[in-house]
Amino acid sequence: MTRILSLALGAGTLCLALAAGTAAAHVVLETREAPAGSYYKAVLKVGHGCDGSPTTAIRVRLPDGAVLAKPMPKPGWSLSTKEGPYSQPYDSHGRSITQGVTEIAWTGGSLPDAWYGEFVFQVVLPKRPAGTTIHFPVVQECEKGVHRWIEIPEAGRSPGDYREPAPVLTLTEPAPH
């Protein structure tokens, strides 16, 4: 009986380890929940390159309603942003802001496949109901190959159902003032 229990526990541990390895293989957000309408420090965690090839560029597209993005420089990488119109004006201290950063790119560096890296930016999250999920599509370019972490789940499905899901954030109740 003890041997059967040990085998079952060992198999369960192996399944958990394999599942954790699969989840770590994606580009994900370090913090996966945040209050709607809050300032959010997004940390994109990159756990691997493309089939052994080093990562040379990370591009993230901001979700609709996310505004006032400010990326953090990464030593050894070039940083650029694309700007465009917001879907709705954003009121900031009595000023109406109608356009801003919609995409952030870190390029020109080299993150070996065997290493782990983080790419950081700050953004104001949209004001939406608690439980709403928003996605941050990411394109990861490598010396050889590319991963397009851009798949957004259809209703009734989860990111785990997809090969290259977009990093996802769940909005919580707004923080009290």
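This passage describes the fold, the strand pairing, the largest pocket and selected residues of a predicted model.

The chain holds one helix and 12 strands. From the N terminus, the order of elements is α-β-β-β-β-β-β-β-β-β-β-β-β. The helix therefore precedes the strands in this order. Of the 177 residues in the chain, 37% are buried. Contacts were also examined by separation along the sequence. Among contacts with a separation of 6 or more, 67% link residues 24 or more positions apart.

Two open sheets were assigned. One has five strands, in the order E6-E7-E4-E10-E11. Pairing in this sheet is antiparallel. Strand E6 (78–92) and strand E11 (146–149) form its edges, and each pairs on one side only. From one strand to the next, the twist averages 15°. Within this sheet, E6 pairs with strand E7 (residues 95–111). The two strands are antiparallel and share 11 bridges. At the level of residues, Tyr90 stands opposite Ile97 in E7.

The other open sheet has three strands, ordered E2-E12-E9. Its pairing is mixed. Strand E2 (33–35) and strand E9 (133–135) are at the edges. Each has a single partner strand, so one side of each lacks a neighbour in the sheet. Neighbouring strands here are turned by 35° against each other on average, direction ignored. E9 and strand E12 (residues 168–172) run antiparallel and are joined by three bridges. One residue pair can be named here: Ile134 has Leu169 in E12 as its bridge partner.

Further pairing involves strand E3 (residues 39–46). Strand E1 (residues 28–29) pairs with E3 in the antiparallel sense, over two bridges. Leu29 has Leu44 in E3 as its bridge partner. E3 is also joined to strand E8 (residues 117–124), by eight bridges. E3 and E8 run antiparallel. Lys45 is bridged to Glu118 in E8.

The largest pocket has a volume of about 350 Å³. It is lined by 20 residues. Those closest to the pocket centre are Asp64, Gly65, Ala66, Val67 and Ser87. E6 and E7 are the elements that each give two or more residues to the lining. The largest share, six residues, comes from E6. By residue class, the lining comprises 12 nonpolar, five polar and three charged residues. The edge strand E6 thus recurs as a contributor to this pocket.

Two buried positions were examined individually. Val60 lies in strand E4. Its relative accessibility is 0%, so Val60 counts as buried. Beyond neighbours within four places in sequence, Val60 contacts Leu44, Thr102, Glu103, Ile104, Trp106, Phe121, Phe136, Pro137 and Val138. One of these contacts, Trp106, is 46 residues from Val60 along the chain. The C-alpha atoms of Val60 and Trp106 are 9.1 Å apart. Leu44, another contact of Val60, is the residue that bridges Leu29.

Ser53 is located in the loop between E3 and strand E4 (55–61). Ser53 has a relative accessibility of 7% and therefore counts as buried, the cut-off being under 20%. Setting aside residues up to four places away in sequence, Ser53 touches Asp113, Cys142, Glu143 and Lys144.

Two loop residues have unusual backbone angles in the following sense. Most residues other than glycine have a negative phi. Asp51 is not a glycine, yet its phi is positive, at about 50°. Asp51 is found in the loop between E3 and E4, the loop that also holds Ser53. Asp51 has a relative accessible area of 83% and is exposed, whereas Ser53 is buried. His93 is not a glycine either, and its phi is about 55°. His93 lies in the loop between E6 and E7. With 80% relative accessibility, His93 counts as exposed. The strands on either side of the His93 loop, E6 and E7, are paired over 11 bridges.

Terms used: Residues are numbered from 1 along each chain as its sequence is written. This is a predicted model: local features need pLDDT of at least 70, side-chain atom pairs count only at pLDDT 80 or more; totals for chains, interfaces and linings use all residues. Side-chain values use heavy atoms; hydrogens and water are left out. Two strands pair if DSSP finds at least two bridges between them. Helices (H or I, at least four residues) and strands (E, at least two) are DSSP runs, numbered from the N terminus. Axes are lines fitted to C-alpha atoms, for helices over the stretch in contact, and angles run from 0 to 180 degrees between N-to-C directions. On a 1 Å grid over the protein atoms alone, a cavity is a set of points where a 1.4 Å probe fits but cannot get out, and a pocket is an open set with protein on both sides within 12 Å along at least five of seven lines; lining residues have an atom within 4 Å of a point. Grid points are joined across faces, edges and corners, and a volume is the space filled by probe spheres set on the points. Ala, Val, Leu, Ile, Met, Phe, Trp, Tyr, Cys and Pro count as nonpolar, Asp, Glu, Lys and Arg as charged, and the others, Gly among them, as polar. Buried means under 20% relative accessible area, exposed over 50%, partly exposed in between (1.4 Å probe, protein chains only). Contact means heavy atoms within 4.5 Å.
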